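Here is a quick tour of the charged side chains in this protein. Have a look at the structure first, and then we'll walk through who pairs with whom.

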Amino acid sequence: MRRGIVFILIQFILIGIVSGQTKEELQLQKQKAYDDLKLTRELMEKTSSQRSSSVKQLRLIQTGINTRASLISTLESEVDLLTGSIHETGVKIGQLTIDNSKNREEYARLIYSAYRNHTHYEKIMYILASTNISQSYQRYKYLKYISEYRIKKASEIETMITELDRQKAQLNVFKNEKLSVLEERMVEQEKLVGQRSRKATMVNSLRRKESQLRKDIKEKERIAREVEARIREIIEEEASRLNARNTYGALTPEQELVGNDFRKNRGKLPWPVEKGIITIGFGRHEVPGLRGSSVQNNGVDISSSPGTEVRAVFEGQVTKVFAILGANYTVLIRHGEFLSVYQNLVNVRVKTGDKVLTKERLGEAFTDETENLASVHFEVWQERDILNPEEWISK
């Protein structure tokens, strides 16, 4: 029985550790979602002075919708976790109650047995009544065992009562936490409904600007083509200058080391801005308010507050700084076989050939004064291949 109690207690500890880790991960996800929602709300407030809707405003609210939906999903996972914890704790309490009941019954039998020989005289008489010395010794050992075992059982009962009280208190904590999370989820669901309603209104407003939207799409496509062509041209120039099929084949040991470190940090690279929201992700996206029209994005577009500094996501060397009409400055940084691209910069602080460190300032994200929003376009390349930057920067 003693081993059983120890085993149960060890299970409680191990389950508590696993649940704690899972709960901690959910708390981090939840906090990240709340931080993103706060920043999205701040950026929306900066553009609220505009009477007419814009694509950027709509993308911001869509980002908020996506983040809130993710938050609700995290809250639901937290509810499921707490429901599981409540069930597990209930099972533990049930098992402890059964074990405690068995221990009490056994303890009662021990007390009755001890009562039959409760005085010192009766114990001596019980031993002397033996038929031989061997039996006398066995009876002595039996009385000693009963006494020690009774003390041990009393201790086990006390331990179980303490553990029962602890588990019952923990059960109440889990139940209260679950109620709190359920209320939190309800509030967020109501906010989500409001956001979707606001989005529908903005979409209807944008549909009345179809000609302007199509003009904006063509301009963005022109910029994207020019930037991509310029990057490919720079890559080919590097390869030609190094007399190699690609720059990777002519990297120095130091450059190879940087490239390997860059690869090892996939999914952990810092963002190109300290605080920002991805308003356009990687790949092909439909233009809000314009059905049947989509654009290809070779990177991610990040919106932030006016005056936001753009920084290097990893150490490397500035390969090129060039300007594109309508897209301000673009900075290319080589990290071995990889390139990081920062577009739509002003007040650039670096020049071609400069070595930069992780998070070193490169310039400032351009601020659109009509919307009071700063934005930067960020890409990741591996030689001639365009990669999804969302897979490289930290979540």
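Let's start with a single lysine. K275 has a relative accessible area of 49%, so it counts as partly exposed. You'll find K275 in the loop that runs between α6 (253-264) and β1 (277-280). K275 also has company: together with K38, R41 and K191, K275 gathers in a patch of positive charge on the surface. Keep in mind that what you're looking at is a predicted model.

**Opposite charges that pair up**

How many salt bridges does the structure hold? The count is 10. Three of them are worth a closer look, and here they are side by side.

| Salt bridge | N to O distance |
|---|---|
| E228 and R232 | 3.2 Å |
| E254 and K355 | 3.7 Å |
| R263 and E337 | 2.2 Å |

**A pair within one helix**

Where do E228 and R232 lie? Both sit in helix α5, which covers residues 210-241. They are 4 residues apart, and that's about one turn of the helix. Their side chains meet in a salt bridge at 3.2 Å, N to O. As for the surface, E228 is partly exposed at 25% relative accessibility. R232 is partly exposed too, with a relative accessible area of 31%.

**Two pairs that start from α6**

Next comes E254, whose salt bridge with K355 has its closest N and O atoms 3.7 Å apart. Because E254 belongs to helix α6 and K355 to strand β9 (residues 355-356), this pair ties together parts that are 101 residues apart in sequence. Are these two partners buried or exposed? E254 is exposed, with a relative accessible area of 52%, and K355 is exposed as well, at 59%.

The other pair joins R263 and E337, whose side chains meet in a salt bridge at 2.2 Å, N to O. R263 lies in helix α6, while E337 lies in the loop between β7 (328-335) and β8 (338-346), so here the parts tied together are 74 residues apart in sequence. What about their cover? R263 is partly exposed at 34% relative accessibility. E337, on the other hand, has a relative accessible area of 8%, which means it is buried, since the cut-off for buried is under 20%.

**Back to the picture**

When you return to the structure, try finding helix α6 and picking out E254 and R263 there. Then follow the chain on to K275, in the loop between α6 and β1.

Definitions and conventions: Residues numbered from 1 in each chain as written. Predicted model: local features only at pLDDT ≥ 70, side-chain atom pairs only at ≥ 80, totals over all residues. Heavy atoms only, no water. Patch = residues over 30% accessible without salt bridge, like charges linked within 9 Å, V, L, I, M, F, W, Y side chains within 5 Å. Areas by Shrake-Rupley, 256 points an atom, 1.4 Å probe, with all protein chains shown as cover. Salt bridge = Lys/Arg side-chain N within 4 Å of Asp/Glu carboxyl O. Lys, Arg positive; Asp, Glu negative; His and termini not counted. Charge placed at Lys NZ, Arg CZ, Asp CG, Glu CD. Buried < 20%, exposed > 50% of the residue type's maximum accessible area, 1.4 Å probe, protein only.
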